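User: Hi! I have a protein here that I'd like to walk through with you. Could you help me get my bearings?

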Amino acid sequence: MTRCLTTTRRIRRVPRRVEFFQGTLAHQSEIEDVRIFDTTLRDGEQSPRTSFSYEEKRDIAHTLDDMGTHVIEAGFPVNSDAEFEAVADIAASTDTTTCGLARVVDTDIEAALDSGVDMVHTFVSTSDVQLADSMHASREEAVERAVRSVERVRDAGVEVMFSPMDATRTDEAFLVEIVEAVSDAGVDWINLPDTCGVATPTRFARMVEMVCEHTDARIDVHAHDDFGLASANAMAGFEAGATQAQVSVNGIGERAGNAAYEEVVMAAESVYGVDTGIDTTRITELARTVERASDIPVPANKPVVGRNAFSHESGIHAAGVIENADTFEPGVMTPEMVGATREFVLGKHTGTHSVRKRLADIGFDASDAEVREVTRRVKDHGAEKERIDDTTLETFARDVGITHETETEREEEVRA
């Protein structure tokens with residue numbers, strides 16, 4: 001069973017806001033095509049102390065499917081009966097390409113094929129350290145097993161992806177050797193994994209370019225975030241000729257995690273100007289779903305989906321954003337594009353513009369002097385690390401003597 005790789009379902013989305021092209025945005029995009037391979041349900045679930053229930057896997061998969069994600073790696077079918085059933089269910093109930101992971105072991109390959117996935121992702125270690133101390137196999141054995149596994153999947157009529165695990169720590173000559181061997185065996189995709197997160201964007205791009213010269217298969221990249229470079233490495237992979245990147249929602253995964261779904265998608269859409277075909281307006285919803293299911297909190301300063309991503313406290317920044325959001329936000333990415341909302345946070349660094357806006361939002365029409373006095377109280381309160389919500393702000397407003405608009409309306413009705 002095969003599926004057209006280029007078919008995506010276009011979902012209505014908020015148009016990208018591009019009012020100007022200055023600085024780095026002035027240059028022509030280095031990328032033409034971006035496909036997203038989501039591994040939240042496989043590598044993401046391998047995060048320490050994380051386990052998705054059957055229902056959670058279905059929920060996440062269906063949201064990814066509805067959003068137009070190109071490939072969903074549903075799991076590792078041979079791992080357990082429950083995992084097999086979950087993968088089979090997702091494969092049968094989603095419209096997108098589904099993928100199952102398999103080692104270069106006959107039982108793994110057969111389990112993945114039996115689960116009904118559209119793609120089998122098979123892998124073998126290729127770095128000397130992993131071959132010697134994890135697989136306990138020779139280079140020759142690794143090549144033989146890889147070729148045999150690729151041929152088995154190909155003969156079953158299923159799309160096949162091969163990963164030389166730990167590619168970024170693999171001897172280049174051997175990497176080329178195994179890539180050429182599986183290419184001759186008919187592999188559809190070569191995935192280049194930075195398994196231990198040691199790549200840098202420039203070096204990773206060079207590796208992608210080198211592999212492209214030795215295969216006709218399409219290139220997919222898989223970056224880990226041990227040094228905080230995963231999403232940058234994924235984008236470097238695209239620049240160097242990769243067609244697809246493996247990502248996980250909120251960047252969850254082994255150790256420090258993977259390239260983040262939301263970061264790679266929005267970088268492609270907003271910075272590179274590539275239409276991924278993904279409904280970005282559901283990104284925040286998806287992030288919250290995975291946060292609850294994984295029990296891994298999203299940091300406040302997490303790009304795109306952190307609660308501070310579109311929040312402003314600094315007086316200078318807030319004043320600029322109130323006038324024109326493009327002043328202190330990217331301009332090419334808005335909260336609406338990812339299903340989020342902008343927030344003006346009150347605290348130690350707040351200025352009068354934010355206070356006036358928040359007062360107006362809760363129904364207080366204050367004079368300049370009243371706004372300055374409320375702002376002073378907000379700053380003092382914030383300096384003590386106290387939370388300032390609408391209830392606190394209303395208290396300050398009434399203490400200063402500002403009349404609420406409903407009270408003003410009642411007074412006018414009495415006079416009338």
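We will go from the overall picture to two helix pairs and then to a few single residues.

Analyst: Happy to help! Keep in mind that this is a predicted model.

User: Sure. How many helices and strands does the protein have?

Analyst: The secondary structure comes to 15 helices and 10 strands.

User: And what box do the C-alpha atoms fill?

Analyst: Taken along the principal axes, that box is roughly 90 × 45 × 40 Å.

User: What share of the residues is buried?

Analyst: Of the 416 residues in the protein, 53% are buried. The protein exposes about 18900 Å², and 47% of that area is supplied by carbon and sulfur atoms.

User: What about contacts in the protein between residues 24 or more positions apart?

Analyst: If you take the contacts with a separation of 6 or more, residues 24 or more positions apart account for 72% of them.

User: Let's move to helix packing. At what angle do H1 and H2 pack?

Analyst: Helix H1, residues 54-67, packs against helix H2, residues 81-93, at an angle of about 30 degrees. Their axes are 10 Å apart.

User: Parallel or antiparallel, roughly?

Analyst: Angles under 35 degrees count as roughly parallel, and H1 and H2 are therefore roughly parallel to each other. The crossing in which H1 passes H2 is right-handed.

User: Which residues make that contact?

Analyst: From H1 you have Tyr54, Lys57, Arg58, Ala61 and His62. H2 contributes Glu83, Glu85, Ala86, Asp89, Ile90 and Ser93. Sorted by character, the residues of this contact are four nonpolar, two polar and five charged.

User: Nice. Now H6 and H7: how do they pack?

Analyst: Helix H6 (residues 172-184) and helix H7 (residues 201-212) pack at an angle of about 45 degrees, and their axes are 10 Å apart. H6 and H7 are therefore oblique to each other. Their crossing is right-handed.

User: Who meets whom there?

Analyst: On the H6 side, Glu172, Leu175, Val176 and Val179 meet Met207, Met210 and Val211 of H7. That contact divides into six nonpolar residues, no polar ones and one charged.

User: Switching to single residues. Where is Arg42 found?

Analyst: Arg42 sits in the loop between strand E1 (35-38) and H1.

User: Is Arg42 buried or exposed?

Analyst: The relative accessible area of Arg42 is 10%. Buried means under 20%, so Arg42 is buried.

User: What does Arg42 touch?

Analyst: Leaving out residues up to four places away in sequence, Arg42 touches Glu73, Gly75, Phe76, Leu101 and His222.

User: Which backbone angles should I look at?

Analyst: Here is some background first. Most residues other than glycine have a negative phi. Arg255, although not a glycine, has a positive phi of about 55 degrees. Val304 also has a positive phi, near 75 degrees, and Val304 is a residue other than glycine.

User: Where are those two?

Analyst: Arg255 is in the loop between strand E8 (244-247) and helix H9 (261-271). Val304 is in the loop between helix H10 (283-294) and strand E9 (311-312).

User: And their relative accessible area, what is it?

Analyst: Arg255 is partly exposed, at 43% relative accessible area. Val304 is buried, with a relative accessible area of 8%.

Key: Residues numbered from 1 in each chain as written. Predicted model: local features only at pLDDT ≥ 70, side-chain atom pairs only at ≥ 80, totals over all residues. Heavy atoms only, no water. Axes fitted to C-alpha atoms, helices over the stretch in contact; angles between N-to-C directions. Helix = DSSP H or I, 4+ residues; strand = E, 2+ residues; numbered from the N terminus. Parallel < 35°, antiparallel > 145°, perpendicular 65-115°, else oblique. Left-handed = near helix turned anticlockwise from the far one by under 90°. Contact = heavy atoms within 4.5 Å. Nonpolar A, V, L, I, M, F, W, Y, C, P; charged D, E, K, R; others polar. Buried < 20%, exposed > 50% of the residue type's maximum accessible area, 1.4 Å probe, protein only. Areas by Shrake-Rupley, 256 points an atom, 1.4 Å probe, with all protein chains shown as cover.
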